[in-house]
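Biologist: I would like to learn how to read the salt bridges and the interface in a new structure. Could you walk me through it, one feature at a time?

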Amino acid sequence: MINAIFKYSFMQNAVLAAVMASVICGIIGTIIVEKKLVSMSGGIAHSSFGGIGLGYLLNVPPILTGMLFAILASISLPMIKRKTDTNADTLIGVFWATGMALGILFIGLTPGYPPDMTSYLFGDILTVSSLYLVLMGILGVILVVLLTSMFKYWRIYLFDEAYMKVLKINVNWFEKILYIMIAMSIVLLIKVVGMILAIALLTIPPAIAKLYSKNLGRLMITSTVISLGISLLGLTLSYYFNIPSGATIILLAAVLYMISYYIKKILFK
Amino acid sequence: MDSQYDLRLENVSVYYGSVKALEDITFEVKNNDFIGIIGPNGGGKSTLIKALLGQVPLNSGKISINPEKTIGYVPQFAEFDQSFPICVEEVVLSGLIGQKKVFFKKYNKEDIDTAYCLMKKLGILELKEKQIGELSGGQLQKVLVARALISNPGILLLDEPTASLDVQVKKEIYEILKNVSNEVTVLIITHDIAEIFSYVKSVAYINKNLHYHGSDSKMRKNVLELTTGCPIEDLVRKEEELMEDFIKTGDKYHDQCHF
């Protein structure tokens with residue numbers, strides 16, 4: 001496979017995408033799990049499908065319209081929740097379904113042959129374009145800078161938002177920034193592992209890391225390393241056995257979680 | 001504002017939509033007072049604290065806080081996720097956040113010394129590296145008290161800090177608060193009517209309205225009368241009304257027994 005990486009640029013792109021996806025997953029994934037935003041992230045992921053469909057209809061890169069939809073969803077979800085006093089769970093369901101329906105509608109309206117949507121649903125790391133790589137790189141850098149420069153604030157925001165309000169710190173800004181970061185991360189991950197599997201890649205590595213660490217910073221780093229390990233291994237396996245890369249990565253993650261769980265149970269009884 | 005008062009509420013009313021939470025509350029909390037707020041569930045005790053923290057809008061009235069003092073707050077610990085990956089020391093130090101710079105914030109030696117000194121006083125120093133989920137309820141409560149005190153507030157508000165703790169731990173927490181109240185004004189919401197009287201200097205009974213506020217020797221008796229159900233005057237009045245009704249209707253109730 002090393003030869004293949006040097007030989008084919010699509011393999012170089014794939015490896016780079018795996019590395020950057022791992023950094024994004026390690027950071028955002030840990031946050032989603034600790035802030036209990038997993039189902040909200042699912043809602044954002046699926047509402048972005050509407051944008052992807054719109055991209056095909058208007059003939060612009062679907063990633064850009066998808067990102068626009070995801071960001072709009074992530075901003076309006078908490079806003080509508082506050083204004084209408086609706087249960088977050090219910091709203092997430094509405095966004096989830098509406099996004100998917102819009103996507104299907106837009107693709108139906110697109111003239112000519114319908115585009116192949118499976119790469120958005122299940123991911124295709126081998127066809128990652130350089131536009132994705134640039135976007136992922138930018139997002140990765142923004143995430144790392146935002147997080148490290150204000151780490152103590154983020155930690156308190158995630159841990160005890162109510163107390164932050166007592167200290168008269170504007171919690172809304174943290175919420176907005178975080179939700180936009182989640183939206184962008186999810187859309188970029190869609191290309192790597194697909195919409196359906198993105199949530200798994202965001203949640204499983206932090207879940208594994210949490211079995212062994214109780215420090216937020218270390219959790220993020222461990223999750224990043226775990227994501228990197230499983231995505232590179234998954235990529236290798238899918239290359240040699242010619243099996244779908246996204247599914248391979250997620251299944252590896254699930255197996256690793258089970259193994260780690262039992263190791264912990266046996267070692268730290 | 002008269003500076004010997006740290007908190008002053010004048011005709012404060014708070015409504016949630018059409019639901020009345022607090023109505024026409026007027027009282028003052030003196031410098032270095034240790035005041036217990038008691039009253040039934042849903043009587044507006046927590047709303048009172050939220051109002052003092054500026055987290056709910058007042059429908060009418062005015063709250064004045066001694067401008068020289070800041071407020072420290074100890075929430076009920078059910079409010080956050082105890083499995084969150086954060087250790088005791090980090091929680092205590094987080095009380096200082098928002099004071100200095102935002103970017104690349106680091107706690108300096110002085111901050112950490114203050115934290116250790118405070119944690120030693122509260123008997124939680126040896127727990128400093130524990131993840132908060134590994135603590136007992138009493139230990140966690142002391143951590144939250146330390147977090148509130150580290151910023152050196154002049155006023156400390158506590159929302160049922162002893163709920164679901166056993167008697168021994170409750171006593172410890174009250175002893176700590178009693179010591180704290182030598183330098184800091186303490187306002188505590190509690191259900192421990194039996195215990196607080198040995199510690200607090202004054203008591204307010206709140207059930208939508210303020211029913212009693214005092215610090216005299218009759219405090220305990222007055223409050224106990226109140227907490228038996230409703231204010232003592234109400235009890236007396238109701239009895240009188242019943243009697244009147246009874247006289248008016250004649251022996252109706254007994255009549256019903258005759259066939």
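Modeller: Gladly! Let's begin with one pair in chain B: the side chains of B:Asp6 and B:Lys69 meet in a salt bridge, with 2.8 Å from N to O. B:Asp6 belongs to strand S1 (residues 5–16) of chain B, while B:Lys69 sits in the loop between strand S4 (60–65) and strand S5 (71–74), so this pair links distant parts of the chain, 63 residues apart. Please keep in mind that the model is predicted.

Biologist: Is B:Asp6 buried or exposed?

Modeller: The idea is to look at the relative accessible area, where a value under 20% counts as buried. B:Asp6 has 0% relative accessibility, so it is buried.

Biologist: Which partner does B:Glu23 have in a salt bridge?

Modeller: B:Glu23 pairs with B:Lys20, and their closest N and O atoms are 3.2 Å apart. Here the accessibility reads otherwise: B:Glu23 counts as partly exposed at 25%, and B:Lys20 is partly exposed too, at 30%.

Biologist: How many salt bridges does a search of the whole structure find?

Modeller: Over all chains, the search gives twelve. Across the interface of chain A and chain B, the rule finds four.

Biologist: Which residue forms a salt bridge with B:Glu90?

Modeller: That is A:Arg155, at 3.1 Å from N to O. To read such a pair, ask where each partner lies. B:Glu90 is in helix H2 (residues 88–93) of chain B and A:Arg155 is in helix H8 of chain A, so this salt bridge joins two chains.

Biologist: And what are the relative accessibilities of these partners?

Modeller: For B:Glu90 the value is 18%, which counts as buried. A:Arg155 is buried as well, with a relative accessible area of 7%.

Biologist: Now for the interface as a whole. How many residues of each chain are in contact?

Modeller: A residue count is a good way in: 24 residues of chain A touch 29 residues of chain B. Area is another way to read it. The two chains bury about 2,500 Å² between them, and 64% of that is on carbon and sulfur atoms.

Biologist: Which three residues supply more of the area that chain A buries than any other three?

Modeller: They are A:Tyr153, A:Phe159 and A:Tyr163, which supply 30% of the area that chain A buries against chain B.

Biologist: How many residue pairs are in polar contact across the interface?

Modeller: The rule finds five such pairs, both residues being at pLDDT 80 or more. On the chain A side, the elements giving two or more residues are helix H7 (130–149), helix H8 (151–159), helix H9 (161–166) and helix H12 (216–241). H8(A) gives the largest share, six residues. Sorted by class, this side of chain A has twelve nonpolar, three polar and nine charged residues.

Biologist: To finish, how many helices and strands does chain B have?

Modeller: Its secondary structure comes to nine helices and nine strands. Chain B has 259 residues, and 46% of them are buried. For the fold as a whole, look at sequence separation: among contacts in chain B with a separation of 6 or more, 68% are between residues 24 or more positions apart. The accessible surface of chain B is about 13,200 Å², and 51% of it belongs to carbon and sulfur atoms.

Definitions and conventions:
Residues are numbered from 1 along each chain as its sequence is written. Chains are lettered from A and ligands numbered from 1 in the order in which they are written. This is a predicted model: local features need pLDDT of at least 70, side-chain atom pairs count only at pLDDT 80 or more; totals for chains, interfaces and linings use all residues. Side-chain values use heavy atoms; hydrogens and water are left out. Contact means heavy atoms within 4.5 Å. Buried area is the accessible area (1.4 Å probe) that two parts lose on being put together, summed over both. A polar contact is a pair of N or O atoms within 3.5 Å; within protein, one must be able to donate a hydrogen and the other to accept it, and residues adjacent in sequence count only if both atoms are side-chain atoms. Helices (H or I, at least four residues) and strands (E, at least two) are DSSP runs, numbered from the N terminus. Ala, Val, Leu, Ile, Met, Phe, Trp, Tyr, Cys and Pro count as nonpolar, Asp, Glu, Lys and Arg as charged, and the others, Gly among them, as polar. Buried means under 20% relative accessible area, exposed over 50%, partly exposed in between (1.4 Å probe, protein chains only). Accessible areas come from the Shrake-Rupley method with a 1.4 Å probe; for residues, only the protein chains shown count as cover.
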